[in-house]
Amino acid sequence: MNSYEKVSLQERLEDWMEKNSKKRSEPSAARGKKKKQQENLIMTIGIVAVVAAAAVALFLLMTIGRNREDKPADTLSSLISSQGMVSTTTSGTGQGLPTGSVSAITQMDDPLLVLVNQYNKMPSNYEHTLIEIHDTTMDERIRKPFEDMYNAAAADGAILWISSCYRTAEKQEELFEREIQDNLSSGMSSSEATAAAQIAVARGGYSEHNTGLAIDLNGVSPNFLETDAGKWMAEHAEEYGFILRFPKEKEAETGIMYEPWHYRYVGKEHALKMKELGMCLEEYIDYLKQAAQ
């Protein structure tokens, strides 16, 4: 082999080695580049995940915040919400009105239909004759109807007795303030305590008891309707001119929660008509006014 061939062989060997070296280095570079791309991808996914988690957390916080603002604080407040209370006020009251209620009305000519509720104050010129009888004070006009009703109930084995009848506006306001204090003691805020009191106890001057025409029977028990006396009243009260003043499912119209013990004298004719129509006093007065138009 001559020198030219040796050189040629040597060059070819070096060239071969160089090529193989490049071949080995190329996969390594590719792997490095691919690894770098994977690392960048993982980093990008991580950043996206963090941003998404933050967005979800922010959305949940906002939603919870809205729910806390929208939901009533307790069941009694729920009752207030379900009654559709709005901030509209009427002259002489300054209290919230339930939707669809009679508000700031012109009183009927018949004094037995005087409407006194938390939206309509006891008329300053209302005339009644108060008497002391049956260990209580009442308007003289309901004495005989109550006695007739009492005797008829007793004949059927149901005993009625009056827990409360006439109250002064001052006494009623005292009861209202006491209700607020009881609500505060139970953990309500000031606004919650007042709102809850408004559907349980009327303010002074805004209570039917100021008329002397309303009676609370047999100890003011929420289970009164389940007793013999309560069942008898539910069947016969209208025959003697008395109505259940705050019926169940009429809270939106009366603004007061269901009170099975609270009856109001309106006269036999009106009482029987209201029972026939299935109306509370607020609805009945509106009905009479529309009929007169």
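Me: Which residues are exposed on the other side of helix H8, away from its buried residues?
Reply: In this predicted model, helix H8 spans residues 268–277, and its buried residues are His-270, Ala-271 and Met-274. These three cover an arc of only 100 degrees around the axis, which puts them on the same side of H8. On the other side of H8, the exposed residues are Glu-269 and Glu-276.

Me: Against which elements do the buried residues of H8 pack?
Reply: The residues to follow here are His-270, Ala-271 and Met-274, since they are the buried ones of H8. Their packing partners are a strand, made of residues 242–244, and a helix, made of residues 281–292. By name, these partners are strand E7 and helix H9.

Me: Which residue just after H8 takes a positive phi, and of about how many degrees?
Reply: Helix H8 is the run of residues 268–277, and the residue in question comes just after H8. That residue is Gly-278, and its phi is positive, at about 70 degrees.

Me: How many disulfides does the structure hold?
Reply: A disulfide is a covalent bond between the sulfur atoms of two cysteines. Among the cysteines here, Cys-165 counts as buried at 1% relative accessibility, and Cys-280 is buried as well, with a relative accessible area of 2%. For the structure as a whole, the number of disulfides is 0.

Me: Which residues make up the covered face of strand E3?
Reply: Strand E3 is formed by residues 130–133, and it has two faces, one covered and one uncovered. Leu-130 and Glu-132 belong to the uncovered face. The covered face is made up of Ile-131 and Ile-133.

Me: In which sense do E3 and E4 pair, and which residue in the turn has a positive phi?
Reply: Strand E4 covers residues 136–139, and its pairing with E3 is antiparallel, over 4 bridges. Within this pair, Leu-130 stands opposite Asp-139 in E4. The two strands form a hairpin with 2 residues between them, and the turn residue with a positive phi, of about 55 degrees, is His-134.

Me: Is Asp-139, which meets Arg-141 in a salt bridge, buried or exposed?
Reply: Side chains of opposite charge can pair when their charged atoms come close. The side chains of Asp-139 and Arg-141 meet in this way, in a salt bridge of 2.8 Å from N to O. Arg-141 counts as partly exposed at 29% relative accessibility, whereas Asp-139, at 0%, counts as buried.

Me: What separates Lys-144 and Asp-148 along helix H3?
Reply: The side chains of Lys-144 and Asp-148 meet in a salt bridge, with 2.8 Å from N to O. Lys-144 counts as partly exposed at 49% relative accessibility, and Asp-148 is partly exposed with a relative accessible area of 33%. Because they lie 4 residues apart in helix H3, which runs over residues 143–155, their separation is about one helical turn.

Me: At what N to O distance do the side chains of Arg-178 and Glu-174 meet?
Reply: Arg-178 and Glu-174 are 4 residues apart in helix H4, residues 169–185, so about one helical turn separates them. Arg-178 counts as partly exposed at 42% relative accessibility, and Glu-174 is partly exposed with a relative accessible area of 42%. Their side chains meet in a salt bridge, and its N to O distance is 3.2 Å.

Me: Which residues are linked in a network of salt bridges?
Reply: The structure holds 14 salt bridges, including the one between Arg-178 and Glu-174. The residues linked in a network are Glu-208, Arg-245, Arg-264 and Glu-282.

Technical notes:
Residues numbered from 1 in each chain as written. Predicted model: local features only at pLDDT ≥ 70, side-chain atom pairs only at ≥ 80, totals over all residues. Heavy atoms only, no water. Buried < 20%, exposed > 50% of the residue type's maximum accessible area, 1.4 Å probe, protein only. Arc of directions from axis to C-beta. Contact = heavy atoms within 4.5 Å. Disulfide = S-S within 2.5 Å. Pairing = 2+ DSSP bridges. Salt bridge = Lys/Arg side-chain N within 4 Å of Asp/Glu carboxyl O.
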